[in-house]
Amino acid sequence: MNVLVTGGTGFIGSHATIALLKKDHDVTIVDNLSNSKIDTLRAIENVSLKKVRFIELDLLDIKALDCLFKKNKFDIVIHFAGSKSVNESIEKPLKYYFNNVYSSIILSQIMKKYDVKKIIFSSSATVYGEPADIPLKESSKVSILNPYAASKYYIENYFREYQKQNKDWKIILLRYFNPIGAHESGLIGESPKVPHNNLMPYILKVASKESEYLQVFGDDYDTEDGTGVRDFIHIMDLAEAHVSSLDFISSNQGPDGFCNIFNIGTGKGYSVLEIIETFSKVNNIEIPYKIVDRRPGDVSQSYTDVSLAKKSLNWKAKKDLSDMCRDVWRWKSSQLKKNN
Ligand code: UD1
């Protein structure tokens with residue numbers, strides 16, 4: 001298929017592009033490079049030994065987007081582009097409405113103009129907030145705790161309504177849990193321009209001696225060891241979920257469209273201490289840590305029921321926490337060697 005990938009130089013977009021190229025899809029990436037580097041494009045090509053078309057473009061630039069669709073006949077759009085920092089979204093909520101919500105509306109309008117009626121959208125498990133029931137199902141209660149989560153949920157609702165008005169559209173909304181890891185080659189991983197405050201980037205800082213110790217935010221949660229629990233998923237498993245979603249859309253050839261939501265995680269909850277321990281063990285590196293206060297806005301635990309994705313998309317995560325920790329360190333070590 002001829003696939004347009006928005007945000008294709010970001011962490012998830014770049015790894016998904018590798019998975020798509022492996023299945024011989026034709027990929028065009030658009031990205032405004034606001035939080036990703038052009039080097040990622042070379043890395044994608046080095047890993048996949050294939051060429052990718054790249055256009056530096058901001059989705060808010062309606063003219064440029066129109067021109068792109070006029071020149072190319074895309075079969076489907078996979079829409080990753082967007083801002084993704086919870087903290088920043090609290091400081092600058094409007095940025096999230098523009099960059100995430102408004103750009104998605106523009107994209108859908110241009111797609112309609114050029115008769116492209118299939119889209120896979122990157123949503124997030126962040127829409128569940130503090131889970132009302134666990135494991136989380138697609139039907140679980142949504143609870144919006146910050147503007148980032150709100151922006152993702154608005155887009156989901158927009159596409160749901162959009163599909164009701166445009167019944168032949170085929171839409172998949174993927175709610176990602178916590179992607180970590182890197183491609184097993186060690187040639188590509190997560191490299192944002194602005195560092196973010198997620199757990200794995202901090203573990204890597206400690207492992208590479210950039211930081212003395214890791215702060216563990218709270219050990220008094222109602223979980224087995226008291227630390228937060230998340231459904232960490234290997235980035236390549238997550239990438240494969242997009243290939244499966246694309247196959248799902250292609251195999252539903254009939255005239256009737258749909259708008260389906262799928263949770264994408266491993267189905268297992270891993271605690272912060274469990275991750276520290278696994279990382280230390282598989283990489284033989286000590287990760288000193290100190291327990292500090294809870295981080296405001298954090299939920300105690302979050303992991304998904306995987307049955308719907310398994311049944312409908314015929315997809316499930318294959319890699320375990322050791323794979324995630326080993327692959328992410330392989331990538332980080334290669335970066336450290338390069339910079340020395
Ligand atoms: C965060 C975002 C979430 C987003 C997700 C994307 C917040 C409040 N939530 O989720 O909206 O979808 O990233 O990946 O920012 N931890 C430490 N020490 C650290 C960093 C994290 O103990 O230095 C703990 C946290 O308290 C949490 C766990 O590690 O229990 C995971 O944290 P993180 O990687 O930031 O992910 P989320 O909180 O799930």
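The questions and answers below go through strands, a sheet and some surface residues of a predicted model. Residues are numbered from 1 along each chain as its sequence is written, and side-chain values use heavy atoms, with hydrogens and water left out. In this predicted model local features need pLDDT of at least 70 and side-chain atom pairs count only at pLDDT 80 or more, while totals for chains, interfaces and linings use all residues.

User: How many residues of strand S6 are buried?
Analyst: Strand S6 covers residues 170-176, strands being DSSP runs (E, at least two residues, numbered from the N terminus). Lys170, Ile172, Leu174 and Tyr176 point one way and Ile171, Leu173 and Arg175 the other way, and all are buried, where buried means under 20% relative accessible area, exposed over 50% and partly exposed in between, with a 1.4 Å probe and protein chains only. The number of buried residues in S6 is therefore seven of seven.

User: Which residue of S6 stands opposite Ile119?
Analyst: Strand S5 (residues 118-124) is joined to S6 by seven bridges, and the two run parallel; two strands pair if DSSP finds at least two bridges between them. Opposite Ile119 in S6 stands Ile171.

User: Which residue in S13 is the bridge partner of Gln215?
Analyst: Along strand S8 (residues 214-217), Leu214 and Val216 point to one face and are buried, while Gln215 and Phe217 point to the other and are not. Four bridges join S8 to strand S13 (residues 289-292), and these strands run parallel. The bridge partner of Gln215 in S13 is Lys290.

User: Why is one side of S12 and of S14 left without a neighbour in the sheet?
Analyst: The open sheet has three strands in the order S12-S9-S14, with mixed pairing. Strand S12 (270-271) and strand S14 (301-302) stand at the edges, so one side of each has no neighbour in the sheet because each has a single partner strand.

User: Which residue in S14 does Arg230 stand opposite?
Analyst: Strand S9 (residues 229-230) pairs with S14 in the parallel sense over two bridges. In S14, the residue opposite Arg230 is Ser302.

User: What is the relative accessible area of Lys63?
Analyst: Lys63 is found in helix H3 (residues 62-71), helices being DSSP runs of H or I with at least four residues. The C-alpha atoms of Lys63 and Pro255, 192 residues apart along the chain, are separated by 30 Å. Lys63 is exposed, and its relative accessible area is 74%.

User: Is Glu277 buried or exposed?
Analyst: Glu277 has its place in helix H9 (residues 272-283). With a relative accessible area of 58%, Glu277 is exposed.
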